[in-house]
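Please load the model in the viewer and follow the stops below in order. Each stop names a selection and then describes what is found there.

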Amino acid sequence: MVKKILLWVLAVPVLGLQGIFLLSLMETQEVKVDLPKPHYQPKPTDPPWLAQAVQFHGHLGPWAVSGIRFGAAGRRAVGAEGYFDLEVRCQGPLQRPPRACFLDGLQVATGATLGKRNIHWEPAEELVVWVKNTRTGQTAEVRPTPSFWELLTAAKTKSQPSGAAGPEETHHHDHAHGLSGAESKQDQQDPVEAAARQIAVLPEAKILTVTILAAGEKLE
């Protein structure tokens, strides 16, 4: 309190109104914004971008990580910086989580967002991602490999809860991982998180293919 009084006494006569303005800025309290805490325990082998992705999505899952790999590959292929110089279109069986988490990964990797209206999804049986550089018009088509589906199928099988779980419970099961710290042990590798980490570091050719479309070529 004494320091504040001395600052006012010394600064105001010397700096006048400018001093009053500067002192008022110094006394302004910082606005506190609490972001939600994701369910994620980082490992030394995790790539740095994984924590940023989990902060957006909320937990570490293979579908969100897959969306990141696909989006990053497409953006790099067309030479887009991201956010504002691209459009992303996706089709596939992504109606509900956990598959719908793929769309979160696409947003993280490309910067295209629902708010900017430069990412679009439509339901289809086949998963395909198109990333278009709006400055050059160049479009990349990204498709999964058979190995990709094998990884996702294995992760789903390992993560099924024991007992007579219905299809709806199994479908949403990967969103329950890590929700209760008391029930999970840090020294045990969650099968869903293990699959996500595997997809995060696998060579690109193992999980996806990228094709640059010819100018004027129609999307499916």
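The first selection is Arg143, which belongs to strand S4, spanning residues 139–144. The coordinates come from a predicted model. Is Arg143 buried or exposed? Its relative accessible area is 17%, and Arg143 is therefore classed as buried, the cut-off for that class being under 20%.

Keep Arg143 displayed and add the side chains of Glu126 and Glu141. Between the side chains of Arg143 and Glu126 there is a polar contact of 2.6 Å. The side chain of Glu141 also forms a polar contact with that of Arg143, at 3.0 Å.

Next, select helix H4, residues 62–78, and within this helix pick out Ser66. Ser66 has a relative accessibility of 0%, so this serine counts as buried. Which residues does Ser66 touch, once those up to four places away in sequence are set aside? Display Phe102, Phe148, Leu152 and Ile199: these are the contacts of Ser66 under that condition.

For the last stop, switch to a surface representation and select Val31, Val33 and Leu35. Together, these residues make a nonpolar surface patch of about 350 Å². Val31 can then be examined individually: it is located in the loop that runs between helix H2 (17–27) and helix H3 (49–57). Val31 counts as exposed because its relative accessibility is 68%, where exposed requires over 50%.

To review the tour, colour the visited residues by accessibility: Ser66 is buried at 0%, Arg143 is buried at 17%, and Val31 is exposed at 68%.

Conventions:
Residues are numbered from 1 along each chain as its sequence is written. This is a predicted model: local features need pLDDT of at least 70, side-chain atom pairs count only at pLDDT 80 or more; totals for chains, interfaces and linings use all residues. Side-chain values use heavy atoms; hydrogens and water are left out. Helices (H or I, at least four residues) and strands (E, at least two) are DSSP runs, numbered from the N terminus. Buried means under 20% relative accessible area, exposed over 50%, partly exposed in between (1.4 Å probe, protein chains only). Contact means heavy atoms within 4.5 Å. A polar contact is a pair of N or O atoms within 3.5 Å; within protein, one must be able to donate a hydrogen and the other to accept it, and residues adjacent in sequence count only if both atoms are side-chain atoms. Patches are made of residues with over 30% relative accessible area and no salt bridge: like charges are joined within 9 Å, nonpolar side chains (Val, Leu, Ile, Met, Phe, Trp, Tyr) within 5 Å. Accessible areas come from the Shrake-Rupley method with a 1.4 Å probe; for residues, only the protein chains shown count as cover. A salt bridge is a side-chain nitrogen of Lys or Arg within 4 Å of a carboxyl oxygen of Asp or Glu.
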